[in-house]
Structure formats: C-alpha cells, structure tokens
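Please open the structure in your viewer and keep the selection panel at hand. The stops below say what to select next and what is to be found there.

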Amino acid sequence: MWIVGTLIALNLAVFAAWNYGYQLAQRFRDVSWIRFLQRNFTTSWTNFTQGRIWTLATSAFSHEGTSHILVNMASLFFMAPAVISILGNSGFLALYFFAGITSSTVSLLFNHFVNRQNPKYAAHGASGATYGAISFFAAAFPRETFLLFFVVPVPAWLCVSGIFAWDLYNGLFRRGGMTDSAGHVGGMLAGVLFFLRKIGRV
C-alpha cells in the first residue's frame, strides 16, 4: 500500500498548493503561485506548444476542487491494490503514468482540434489514471462485480462499458461542461491497451 499512499500524498500536496495559491490571490492579490501551477500542472495547448511537455504527466496529480480529488483518491484507494496484486508496484506505476499521459494527450488533441468552444481550455486531475486502473481490472476480470453508486451490483465489463459510452457521448455531443470526458475516454482506452499488451495481444 505504500505505492497507493505515495500517489495519494502527491495528489494531496498539489491540491494543497492550489489552495495556498488561491489564498495568496484572495488576501494579497498575488496570482504568481496560481500561474506557476497553471503552467506546470495543467494540460493545455499553450503549455504544450511552449515546450512544457511534462504537464502531460504532472496534470495527473493536480486537483483544484475538493469533490474532484475526493472522488479520484477514493477510486484510487479502493481499486489500486487489486491492480497492484496483478502488475506489481512497478507495473502499476507504469499503468498510472501511461493512462495519465494518454488521457492528457487525448484531452489536449480533442479540445484543440475538435472542441473549439474554449481555446484556453486547460485540464487536470487523476481521473484518466484512475480510469486506466479501473478499465485494466475490468479487462482482466470482466465478470467481477462493481457496486454502482456503492449499491447496485454490476459486472465490471458492463460498468466500464457504460461509463465509456457516457463519456464518449458527452465528449461528442454535450461539450462545454466542466468534465473532461475526452480525458476519461483516453484513460479507459489506455487501461485496455495496457491489458492487451500484458497478455501479448498488442
């Protein structure tokens, strides 16, 4: 569990940095810290074209909202141990970064070339990385049961397929919201690709 604890601690540290930045902005009109985080911990076309390629990975550790980080860290806490038992520590870290970077890349390309409603769109969050872990597990054990809304038992393959379809629909037809549906889709695809690579199909 030290891997899970370290990942959660890193996410919490960046979350605390965002909150500190907003406190500086509110009390002293100092936005330098927020600008630093926007330049180094969000995925955006501006960051990408200005050479800050690392943001494709660091954005997977970045949250501004309390509910956002709580949902992602709860998902990571409950799902990661099962995936670590299959992949081991290094394998799980590889999956986390692969899914996070793939999620960021899909989000970046989609929001620049397809969804042009907000040219200054910037994304962040561990959703893509956690969705990668969830979809990997569902691909490995499709008949295992997930509790939808922590109550309704649903086969893993059906649950992940439903989430994928919902995010794909939102990304294509319900643009403009706060949810990075394209990033979610990228994270889920990354988890499936990682599984196929693991069993030698890719």
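As a first stop in this predicted model, select Ser-107, which has its place in helix α5, the helix that spans residues 66-113. Is Ser-107 buried or exposed? With a relative accessible area of 3%, Ser-107 is buried, because a residue counts as buried under 20%. To see what surrounds the side chain and backbone here, leave aside the neighbours within four places in sequence and display the contacts of Ser-107, which are Tyr-121, Ala-123, Asp-180, Ala-182 and Gly-183.

Staying in helix α5, move to Phe-78, which is also placed in that helix. Phe-78 has a relative accessibility of 62% and therefore counts as exposed, the cut-off being over 50%. If you draw a distance from the C-alpha atom of Phe-78 to that of Asp-167, a residue 89 places away along the chain, the separation is 22 Å.

Next, select residues 156-173, which form helix α7, and pick out Leu-168 within them. Leu-168 has 36% relative accessibility and so counts as partly exposed. Now add Trp-166, Tyr-169, Leu-172 and Phe-173 to the selection and show the surface: together with Leu-168, these residues make a nonpolar surface patch of about 540 Å².

The next stop is a pair of helices, α1 (residues 2-28) and α2 (residues 32-40), whose axes come within 7 Å and cross at roughly 145 degrees. Which residues meet where α1 is in contact with α2? From α1, select Ala-17, Trp-18, Tyr-20, Gly-21, Tyr-22, Leu-24 and Ala-25, and from α2, select Trp-33, Ile-34, Leu-37 and Gln-38, since these are the residues that meet. Coloured by residue class, the residues of this contact divide into 9 nonpolar and 2 polar, with no charged residue.

Between these two helices, select Arg-29, which lies in the loop between α1 and α2. Although Arg-29 is not a glycine, its phi is positive, at about 60 degrees, and the backbone at this position is worth displaying for that feature. Arg-29 counts as exposed because its relative accessibility is 73%.

A second arginine offers a contrasting setting: Arg-52 is found in the loop between α3 (45-49) and α4 (55-58). Arg-52 has a relative accessible area of 7% and is therefore buried. With the neighbours within four places in sequence left aside, the contacts of Arg-52 are Arg-39, Asn-40, Thr-46 and Asn-47. A line drawn between the C-alpha atoms of Arg-52 and Ala-133, which are 81 residues apart along the chain, spans 26 Å.

To finish, go to Lys-120, in the loop between α5 and β2 (122-123). Lys-120 has a relative accessibility of 75% and so counts as exposed. From Lys-120, a C-alpha to C-alpha distance to Leu-189 comes to 25 Å, the two residues being 69 residues apart in sequence.

Definitions and conventions: Residues numbered from 1 in each chain as written. Predicted model: local features only at pLDDT ≥ 70, side-chain atom pairs only at ≥ 80, totals over all residues. Heavy atoms only, no water. Patch = residues over 30% accessible without salt bridge, like charges linked within 9 Å, V, L, I, M, F, W, Y side chains within 5 Å. Areas by Shrake-Rupley, 256 points an atom, 1.4 Å probe, with all protein chains shown as cover. Salt bridge = Lys/Arg side-chain N within 4 Å of Asp/Glu carboxyl O. Helix = DSSP H or I, 4+ residues; strand = E, 2+ residues; numbered from the N terminus. Buried < 20%, exposed > 50% of the residue type's maximum accessible area, 1.4 Å probe, protein only. Axes fitted to C-alpha atoms, helices over the stretch in contact; angles between N-to-C directions. Contact = heavy atoms within 4.5 Å. Nonpolar A, V, L, I, M, F, W, Y, C, P; charged D, E, K, R; others polar.
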